[in-house]
There are 2 protein chains.
Amino acid sequence: MRPTMMDVAQAAGVSLKTVSRVVNREQGVRTTTLRSVQEAIQELGYSRNEHARVLRQNRASRMLGLVTRDVSNPFYSAIARGVEEEVRDRALLVIAGSSDEDAERERALLEVLCERRVGGLIVAPTGSDHSFLAPELALGTPITFIDRPPWRLAADSILLDNVGGARDAVEHLLAHGHRRVALVGDLPEVFTTSERVRGYQTALRAAGLPVDEALVRLGCHDTRSAEAATRELLSLPEPPTAVFAGNNRITFGVLRALAGRARPPALVGFDDFELAPLLSPPVTVVAYDAVELGRQAARLICERLAGASGPPRQIVVSTEVVPRGSGEVGP
Amino acid sequence: MRPTMMDVAQAAGVSLKTVSRVVNREQGVRTTTLRSVQEAIQELGYSRNEHARVLRQNRASRMLGLVTRDVSNPFYSAIARGVEEEVRDRALLVIAGSSDEDAERERALLEVLCERRVGGLIVAPTGSDHSFLAPELALGTPITFIDRPPWRLAADSILLDNVGGARDAVEHLLAHGHRRVALVGDLPEVFTTSERVRGYQTALRAAGLPVDEALVRLGCHDTRSAEAATRELLSLPEPPTAVFAGNNRITFGVLRALAGRARPPALVGFDDFELAPLLSPPVTVVAYDAVELGRQAARLICERLAGASGPPRQIVVSTEVVPRGSGEVGP
DNA sequence: TTGAAAGCGCTACCAA
DNA sequence: TTGGTAGCGCTTTCAA
């Protein structure tokens, strides 16, 4: 059996309360007593039961729940990293789970995390109704949405400047003389997709160019479909001279479609990636600090935990075009 | 205040025990009673307190602790993914933390996880003494080490075939006619480094070639130092005609050093990466299934939780050379 | 400086 | 089919 404080107390010949004092580093324990209790703890391999503490203190556990669409995706693992960095010194742990873009699974994960009485929740959401979190929010658990806003729930959110980033990318291509700029994008119902499409349209309209629907290929949710869509674009009677890729998966698909072509179209991709500078040509991207996204989310949670009230906040993280070569070739 | 079972009971006009039955889906509750309790639960936004359950049932919490060196590193996030996939159906959650290669931090994380009464621990270790985990192990908490073996502790481990993978890589280069094969490696005190060095030496010796220390550059813990080491190798009076890179960070550094060179040496890197096929030339690597590594670790934990006893097990995951171009050029 | 006792929210056990 | 009660391991409060 696992030793309890009572076991330690008996081994050390003191009362349970004295052991509690030692374990919690409280003042007012004679040095000799302290020593003998510490020895008993060592001897028995005692480890304090956090569940009993949480229960007795009737508080949240020192854990944050982080629900993303896939922990192994570099975007979300960077967020996880940022969250962890930010809460590390506050002795908070992170429980991370993947929804796999399944709203049911997302909900199940979030509910289980609430049963665990997490101190806060950070969600990169998939579902389209988060109203089931309203009671938890009302009870004081801070919840921050990241990458996409909450639906049917008034909660904090950290978003990228999707419109601005996409607009900058397309303007960058236009500035290099392109007039036929294609967009390869993810599922149109996804928040970030529709925002980036808006940015794309905004840039074209500001330049007095029409939005040619033949050059807009949405619904590419994986590398393969992005590759196929790009091949289709390139075999049009009037192919685009430049491509804007809506996210990193799509950029990889576009790159596969362009591989080996003598004179590939210009390319700017949303999302940076480590090897972008090593490709030929090096890939121009819309970059941002994904780790910072996680840090900001965690910071917001911590502020709320520290008592900050007030209406939901929305923080928009800026993006930046990083020219590397692929986006600076002419038509 | 957060509602308890007692609050629900009062709202529904039943006893606490009846609410417990409903919450736990026990048989023997009249349909009308069931309904009214469910309504009260909905009304109050009740959520069961998992800490109270764990305490009362005197069991481990349904959580696994996962301590890696950096959650945002693709290798470890793939492991996290594998662990999660494997335990998902068993309703286990994963608490993930990064040690940042700091043994003290690793120890602190592991101890906090034990206080949380995790059902099992998976560790990609940094420290060189894990004997402090002995009491926890003795109390029945399964612990699996991954990527590197435990030190001063008899516990399960999941390792890569580091020697075999490195040997295969070098043999692959030798088979293409190389006689001067360099090794760029991580810190020599790291387990995987020394194993891979052994594999490198084994391959050379088996081919009757000397191990030329001038061609062995260890201590490269980041991309930058690997790049510098590679530049040094290339400016030797007798430069290598092929390079074996000891891990993915090093491969990236080597690639940076080779970028733009008219006739780069052959290259095989340990660790696969998504963009390897898209580089020019595409990069030949020693590949393995990192997600499977995590799955195996979780499987081992689950078997132990299900009662499997016996001496520590060691599982070695095989590797495979994936030829893509960079490793198939002659000297 | 130390100890005794109540009780956090829940489940297990027994009773009705 | 339902309810009462003890107690999980700890912290809190009060007393010695």
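Of the atoms of DNA strand C within 4 Å of the protein, 60% belong to sugar or phosphate. The rest belong to bases. The model is a predicted one. In it, 25 residues surround DNA strand C. The closest come from both protein chains: A:Thr18, A:Thr33 and A:Arg56, with B:Tyr46 and B:Arg56. By class, the residues of this surface divide into ten polar, eight charged and seven nonpolar.

Several contacts to phosphate oxygens of DNA strand C involve the protein backbone. In chain A, a polar backbone atom of A:Ser15 is 2.8 Å from a phosphate oxygen. A backbone N or O atom of A:Arg30 lies 2.9 Å from a phosphate oxygen of the strand. In chain B, the corresponding distance for a backbone N or O atom of B:Met5 is 2.6 Å. Four elements give two or more residues each to the surface near DNA strand C. In chain A they are α2 (16-23) and α4 (50-57). In chain B they are α2 (16-23) and α4 (50-57). The largest share, four residues, comes from α4(B).

The two protein chains also contact each other. On this interface, 54 residues of chain B are in contact with 54 residues of chain A. Interface size is often expressed as the accessible area lost when the parts come together. Here chain A and chain B bury about 4900 Å² between them. Carbon and sulfur atoms account for 56% of that area. On the chain B side, B:His51, B:Arg116 and B:Arg117 supply 16% of the area buried against chain A. No other three residues supply more.

Chain B also contains an open sheet of six strands with mixed pairing. The strand order is β7-β6-β8-β9-β10-β12. The edges are formed by β7 (216-217) and β12 (320-322), each of which pairs on one side only. Strands of a sheet pair through backbone hydrogen bonds, either parallel or antiparallel. Strand β10 (residues 284-287) of chain B runs antiparallel to β12(B), and three bridges join the two. Within this pair, B:Val286 stands opposite B:Val321 of β12(B).

Two helices of chain B pack on the sheet. Helix α9 (residues 191-206) touches β6 (181-184), β7, β8 (242-245) and β9 (266-270) of chain B. The direction of α9 makes about 175 degrees with that of β6(B). Helix α10 (residues 223-234) touches β6 and β7 of chain B. The direction of α10 makes about 155 degrees with that of β6(B).

Key: Residues numbered from 1 in each chain as written. Chains lettered and ligands numbered in written order. Predicted model: local features only at pLDDT ≥ 70, side-chain atom pairs only at ≥ 80, totals over all residues. Heavy atoms only, no water. Pairing = 2+ DSSP bridges. Contact = heavy atoms within 4.5 Å. Axes fitted to C-alpha atoms, helices over the stretch in contact; angles between N-to-C directions. Near = heavy atom within 4 Å. Polar contact = N/O pair within 3.5 Å; in protein donor to acceptor, adjacent residues only side chain to side chain. Nonpolar A, V, L, I, M, F, W, Y, C, P; charged D, E, K, R; others polar. Buried area = accessible area lost by both parts, 1.4 Å probe.
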